[in-house]
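User: Please take a close look at one part of this model for me. I would like the strand pairing around a single hairpin, told as one connected account.

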Amino acid sequence: MIENATLIKQGAEARIHTAPFLTRTAIVKERFSKAYRHPILDKKLTARRVNQEARCLFKCRKSGVDAPALYFVDTEDSTIYMEFVRGTIVKDLLVTNSEYIQNKGKQDELAKKIGIALAKVHEIDIIHGDLTTSNLMLRESNQSLVVIDFGLSYISSLPEDKAVDLYVLERAFLSTHPNSEEMFTEILDNYQKTYNASQWVLSKLAEDYGDEREVWNVQCGTQGKVIHRASMFKLNEEVTLASTIMSSSRSYNTKVFYGPPKCEPERSEEIIEKGCDMEYWSDPVGVKKIER
Amino acid sequence: MQTFTLELYPTRGHIHISFYKNVTNAEELRKRLLAHDQELSYAFIDAKVVMDRFQLLIAANDAVHHELHSLLKTYNVHSEIVYNLSPTTNINESLRRFGISNSSTSIVVVKVGGNAEEVKSHLSTLIHGDEADVGEFSNSVDISSIKKYYKIDNKVTDQKEMLDIIVGSIAIKSVS
């Protein structure tokens, strides 16, 4: 670990430090290993996520989205070094800054910046994956909107995935901020103006993602013992990866469970058997399965 | 000459950066480099493609990281610095674009390890040219080459933004 690092935040997936780095100040984001995961799976997942985060972060920066500049990726230590952005988190602005709470003009100005930034992110097929007002900042030097934390980002051109991003942001707005509906409308308005293919995303947002979105828990394990657990909005490659590793280990009776929140592996009588060595949870609304 | 420490690898030694103008023996230096002359354990870089010392430090940090993890793609840590500066993985092309050419007259030198005074005096015997302040190499930068090599969009004009993209390209290269 780098010397003189100061811990500023500890999350579920990573620790964030600031540290002097090659004449500048860097944010050091270190992903740590999870004790409950199988070591091989853990190593692969962590390495993959570090790479994915670095790639998405750089792709955004290169395409003109204001995001922290990437400085260094240490694959061996699962650590990313990036620019330390001086500024204010948008969430703090909207909650504590009286200028933003009262002044509609200020709010619209901010909403416009958010809408344009989002449009640029989606234009290059990056799905942010965790778009909340805590992951947006205003840069102190030039008041530009900075998108941060690409820890859950991935590349996809599907309008559905982009709609999820917008949906998550909408939820974040509705739950925390005053005048949020107007602000979100303003965001969508600017998103639409900037992003040519926005109509597909917005129609998906209207039709599919009303209140039916669920967070799914993915768990996999051997003989009742859970060795990997994750939450996600949809079934993505993590499940496929987990099942590949599980099945290639050739251990008999390996299971991959997934289901809606509060699903417990102990409810094994509800498991529907689908494959030779893997079993799946079904969703109360409808069965979703992984193609093997 | 300026000397820096890599925070991540403080025991590997200092990073020395020097800048020479009006160099007349680039051809000789290049020949000796190609012959793997051990006396030349320096990274010789064409000043045209160097925008900021931070760019060099990022490349040097990557090179030392690769050296310590036995991940060097090239001959040694110094050639690795030149290779790292390039965003592509083509070694030949990287060294040709970012290393010195026979016609180079402005040269940036990066050295890993060694005593600052010794490095300085050794370099002054190797290079026939005028040592200049490291801050000056931004004067000899060729923006169009930089934009071409790092594939930077023509819309980008802000130097800070350009540097962000440059260091990002260097950093992302080691991500498989």
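**A hairpin and its neighbours**

Analyst: In the hairpin formed by β2(A) and β3(A), two residues lie between the strands, and L22(A) takes a positive phi near 45°. Keep in mind that this is a predicted model.

Start with the two arms. Strand β2 of chain A covers residues 14–21, and eight bridges join this strand to β3(A). The two run antiparallel. One pair marks the register: H17(A) stands opposite V28(A) of β3(A).

Now turn to β3 itself. This strand of chain A spans residues 24–31. It is mostly covered, with six of its eight residues buried.

β3(A) also pairs with strand β5 of chain A, residues 79–83. Five bridges link β3(A) and β5(A), again in the antiparallel sense. Here the bridge partner of V28(A) is Y81(A). V28(A) therefore has H17(A) opposite it in the β2–β3 pairing and Y81(A) as its partner in β5(A).

For contrast, here is a helix pair from chain B. Helix α2 (residues 53–68) and helix α3 (residues 77–85) of chain B have axes that come within 8 Å and cross at roughly 130°. That angle makes α2(B) oblique to α3(B). The crossing is right-handed. On the α2(B) side, the contact residues include A59(B), A63(B) and H66(B). On the α3(B) side, they include V77(B), I81(B) and L85(B). Across this contact, seven residues are nonpolar, two polar and three charged.

Key
Residues are numbered from 1 along each chain as its sequence is written. Chains are lettered from A and ligands numbered from 1 in the order in which they are written. This is a predicted model: local features need pLDDT of at least 70, side-chain atom pairs count only at pLDDT 80 or more; totals for chains, interfaces and linings use all residues. Axes are lines fitted to C-alpha atoms, for helices over the stretch in contact, and angles run from 0 to 180 degrees between N-to-C directions. Helices (H or I, at least four residues) and strands (E, at least two) are DSSP runs, numbered from the N terminus. Angles under 35 degrees count as roughly parallel, over 145 as roughly antiparallel, 65 to 115 as roughly perpendicular and the rest as oblique. A crossing is left-handed if the near helix is turned anticlockwise from the far one by less than a right angle, and right-handed if clockwise. Two residues are in contact if their C-beta atoms, placed from the backbone, lie within 7 Å. Ala, Val, Leu, Ile, Met, Phe, Trp, Tyr, Cys and Pro count as nonpolar, Asp, Glu, Lys and Arg as charged, and the others, Gly among them, as polar. A residue is buried if 20 or more other C-beta atoms lie within 10 Å of its own, exposed if 12 or fewer, and partly exposed in between; C-beta atoms are placed from the backbone.
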